[in-house]
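Here's a walk through the fold, meant to be read with the model open beside you. Take your time turning it around as we go.

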Amino acid sequence: QKATPPFYLQCDLRSFELSPRTLGTLFDVILIDPPWEEYERRAPGLSIESWPWQDIMNLRIEDIADNPSFVFLWCGCAEGLDAGRHCLRKWGFRRCEDICWLKSNKDKNTRQHQPDEWAIQHHTKEHCLMGIKGTVRRNQDGHLIHANIDTDVLLSEQPPFGSQEKPEEMYHIIEHFAQSRRRLELFGEDHNIRRGWVTLGKSLSSSNFNPETYASYFRNESQFRQADCKPSAESPILVGTTPEIELLRPKSPPQWNATHSQPVAAATDEGQEDWDSVPKEGDEAEDA
């Protein structure tokens, strides 16, 4: 009910200035589906624009991301897996999850993606890296995030040959998790236009975005900041909650007792570490 109308802007992200001036505000959720070179390799014969990963990394995401905020970066299943981590680090984010899309092909008439010449095995999945900027605690920031609602695996039919369309369920995961209304998608197409989102992309067929109009939905949001600068529960940038939602949504998991082999329910959530301070497996070296 509190989602903004769908806004969209046809623009070339190579030259468009990503800034609060051009977009009207900072964003708390940013979804990016860049044109990796991998996408071009697996659809030979089609004219598909691709960017070197260094150009993707040079996008000024850090200039439009609030603190705290989340980024979801589709990165394919080849060089983007490593390059995507470099992008997150440059933009000021730290990887906290890896969502995997498994592609089915029950439609036997669907032409398969061309095997990547760089690959050892035929790829049937893609990854979306999730990054966090700032600090968010599940036991204290339930008005900002709802954790443990969805899984980190998507299963859906692969798109037509040459299409880079991603499953709609990705929006559901993001919208269930992040409670902010300021959501931005980059490299979007017409099928990505969605209520509650601002969509930017060269392939869009039209535009309706006005930064002043969009910013008006979050007027005076700076007055609803806590001492730690995070939005308060009454902030206009949040979708809000209800007693029923609070009753049903998952809460912080039980803490482990070092002297027992089973988790025990803690009397308090105090002492739980936040995601920003807990390293994920494989990230220790890159974040050192």
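We'll begin with the sheet, move on to the helices packed on it, and end with a patch on the surface.

Keep in mind that this is a predicted model. Its eight strands make an open sheet with mixed pairing, and if you walk across it you meet them in the order 1-8-7-2-3-5-4-6. What do you find at the edges? Strand 1 (7-10) and strand 6 each have a single partner strand there, so one side of each has no neighbour in the sheet. From one strand to the next, the twist averages 20 degrees.

Now look at one pairing inside that order. Strand 2 (residues 27-32) runs parallel to strand 7 (residues 183-186), and four bridges link the pair. Within it, Ile32 sits opposite Leu186 of strand 7.

Next come the helices. Helix 4 (residues 80-91) packs on the sheet and touches strand 2, strand 3 (65-76), strand 4 (94-104) and strand 5 (125-133). Its direction makes about 165 degrees with that of strand 3. Helix 5 (residues 169-177) packs on the sheet too, with contacts to strands 2, 3, 4, 5, 6 and 7. For helix 5, the angle with the direction of strand 3 is about 160 degrees.

Finally, go back to strand 6 (residues 153-157), where you'll find Val153. Is Val153 buried or exposed? It falls in between: its relative accessibility is 41%, so it counts as partly exposed. Together with Leu102 and Leu155, Val153 makes a nonpolar surface patch of about 270 Å².

How values were computed: Residues are numbered from 1 along each chain as its sequence is written. This is a predicted model: local features need pLDDT of at least 70, side-chain atom pairs count only at pLDDT 80 or more; totals for chains, interfaces and linings use all residues. Side-chain values use heavy atoms; hydrogens and water are left out. Patches are made of residues with over 30% relative accessible area and no salt bridge: like charges are joined within 9 Å, nonpolar side chains (Val, Leu, Ile, Met, Phe, Trp, Tyr) within 5 Å. Accessible areas come from the Shrake-Rupley method with a 1.4 Å probe; for residues, only the protein chains shown count as cover. A salt bridge is a side-chain nitrogen of Lys or Arg within 4 Å of a carboxyl oxygen of Asp or Glu. Helices (H or I, at least four residues) and strands (E, at least two) are DSSP runs, numbered from the N terminus. Buried means under 20% relative accessible area, exposed over 50%, partly exposed in between (1.4 Å probe, protein chains only). Two strands pair if DSSP finds at least two bridges between them. Axes are lines fitted to C-alpha atoms, for helices over the stretch in contact, and angles run from 0 to 180 degrees between N-to-C directions. Contact means heavy atoms within 4.5 Å.
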